[in-house]
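Here are some notes to read alongside the model, written for someone opening it for the first time. Have a look around before you start on the points.

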Amino acid sequence: MTPAERGLAPGLRYFPDRFDRAAQEVLVAAIRAVVAEAPLFMPRMPKTGKPMSVRMTNCGSLGWVTDKDGGYRYQPTHPETGRPWPAIPDPLLALWDAVSGYDKPPEACLVNFYDPDAKMGLHQDRDENEFAAPVVSVSLGDQCLFRVGGVSRSDPTRSFRLSSGDVFVFGGESRLIFHGVDRIYPGTSTLLKNGGRINLTLRRVNP
Ligand code: MD3
Ligand code: FE
């Protein structure tokens with residue numbers, strides 16, 4: 001069932017298998033090059049310093065980071081190397097142009113890497129200064145159980161499986177919905193040599 005068929009909020013668009021296998025392999029190679037330049041780091045929750053189970057890096061002029069003392073934020077440099085983030089790979093810029101409906105390019109591409117036991121709790125993405133731009137998400141590797149709700153935490157949620165190559169666009173009334181990743185299904189893709197899942201999210205931070 002598609003998100004629309006499940007009655008999901010307007011503004012959410014789903015492009016199953018937007019990237020075919022060959023295009024997924026090109027993306028993975030590009031992301032490996034990003035990770036070589038900007039190593040995955042372990043994000044920590046504000047105040048408690050509790051590590052998240054997802055490892056992260058970024059490309060683009062800004063990257064999303066979080067640590068105990070600084071909290072959630074976007075910054076132009078890697079938190080450990082201090083170097084600028086690498087450029088966003090061309091196929092992702094082309095995807096943004098094709099599906100975002102927004103006239104300026106994305107500033108940030110957050111790269112989330114999930115081991116088989118990683119997950120991400122229900123949350124909103126609200127660290128950006130521009131909510132008129134959508135968030136565009138690309139899934140690569142193992143399938144996951146993705147959950148989306150409404151704009152209030154207490155709104156009912158629905159779950160569905162995301163597969164490698166799938167693209168979601170969260171715009172309009174869906175831009176501030178709660179969402180999370182409840183589990184990874186190990187061994188459901190041969191794309192990544194050592195398994196796991198990569199999620200890429202393209203974001204416009206400033207209007
Ligand atoms: C709905 N990532 O990085 S992607 C995140 O699969 C994040 O790694 C998840 O949530 C992942 O913040 C989910 C789907 C997604 C991303 C951003 C959204 C859904 C969204 C922003 C607004 C609404
Ligand atoms: Fe999110």
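The points below go from the whole chain to the metal site and then to a few single residues.

1. First, a caution: this is a predicted model. Please keep that in mind for everything that follows.

2. How many helices and strands should you look for? The protein chain has two helices and twelve strands. If you trace them along the sequence, the order is β-α-β-β-β-α-β-β-β-β-β-β-β-β.

3. On overall dimensions, the C-alpha trace of the protein chain spans about 45 × 35 × 35 Å along its principal axes. A compact globule of 207 residues would have a radius of gyration near 17 Å, and the protein chain comes out at 16 Å, so the value agrees with that expectation.

4. Next, the inside and the outside. Of the 207 residues in the protein chain, 49% are buried. The accessible surface adds up to about 9600 Å², and carbon and sulfur atoms account for 53% of it. As for charges, there are 25 positive and 23 negative ones, and their mean positions lie 5 Å apart.

5. The chain also makes contacts across long stretches of sequence. Take the contacts between residues at least 6 apart in sequence: 74% of them join residues at least 24 apart.

6. Now to the metal. Which residues coordinate the iron ion (ligand 2)? They are His123 through NE2, Asp125 through OD and His179 through NE2, at 2.0 to 2.2 Å. Along the chain, the donors follow the spacing H-x1-D-x53-H. Two of them tie distant parts of the chain together: Asp125 sits in the loop between β6 (120-123) and β7 (135-141), while His179 belongs to strand β11 (residues 179-185), 54 residues apart. Both Asp125 and His179 are buried.

7. Cys144 is worth a click. You'll find Cys144 in strand β8 (residues 143-148). Is Cys144 buried or exposed? With a relative accessible area of 0%, Cys144 falls under the 20% cut-off and therefore counts as buried. Beyond its neighbours within four places in sequence, Cys144 is in contact with Phe160, Arg161, Leu162, Val181, Arg183, Ile184, Tyr185 and Arg197. The C-alpha atoms of Cys144 and Ser159 are 10.0 Å apart, with the two positions 15 residues apart in chain numbering.

8. Gln24 is another one for the inside. Its place is in helix α1 (residues 21-37), and its relative accessible area is 6%, so Gln24 is buried. Leaving out residues up to four places away in sequence, Gln24 touches Asp17, Phe19, Leu140, Ser164, Gly165 and Leu191.

9. One of those partners of Gln24, Asp17, deserves a check of its backbone. Most residues other than glycine have a negative phi. Asp17 has a positive phi of about 55 degrees although it is not a glycine. Asp17 is found in the loop between β1 (12-15) and α1.

10. Lys47 goes on the backbone list too. Its phi is near 70 degrees, a positive value in a residue other than glycine. Where is Lys47 along the chain? Lys47 lies in the loop between α1 and β2 (55-60). With a relative accessible area of 73%, Lys47 is over the 50% cut-off and so counts as exposed.

Definitions and conventions
Residues are numbered from 1 along each chain as its sequence is written. Chains are lettered from A and ligands numbered from 1 in the order in which they are written. This is a predicted model: local features need pLDDT of at least 70, side-chain atom pairs count only at pLDDT 80 or more; totals for chains, interfaces and linings use all residues. Side-chain values use heavy atoms; hydrogens and water are left out. Donors are N, O and S atoms within 2.8 Å of the metal (3.2 Å for Na, K and Ca); water is not among the atoms, so sites may look incomplete. Helices (H or I, at least four residues) and strands (E, at least two) are DSSP runs, numbered from the N terminus. Buried means under 20% relative accessible area, exposed over 50%, partly exposed in between (1.4 Å probe, protein chains only). The radius of gyration is taken over C-alpha atoms; the globule rule is 2.2 Å times the number of residues to the power 0.38. Contact means heavy atoms within 4.5 Å. Accessible areas come from the Shrake-Rupley method with a 1.4 Å probe; for residues, only the protein chains shown count as cover. Lys and Arg count as positive and Asp and Glu as negative; His and the chain ends are not counted. The place of a charge is taken as NZ of Lys, CZ of Arg, CG of Asp or CD of Glu.
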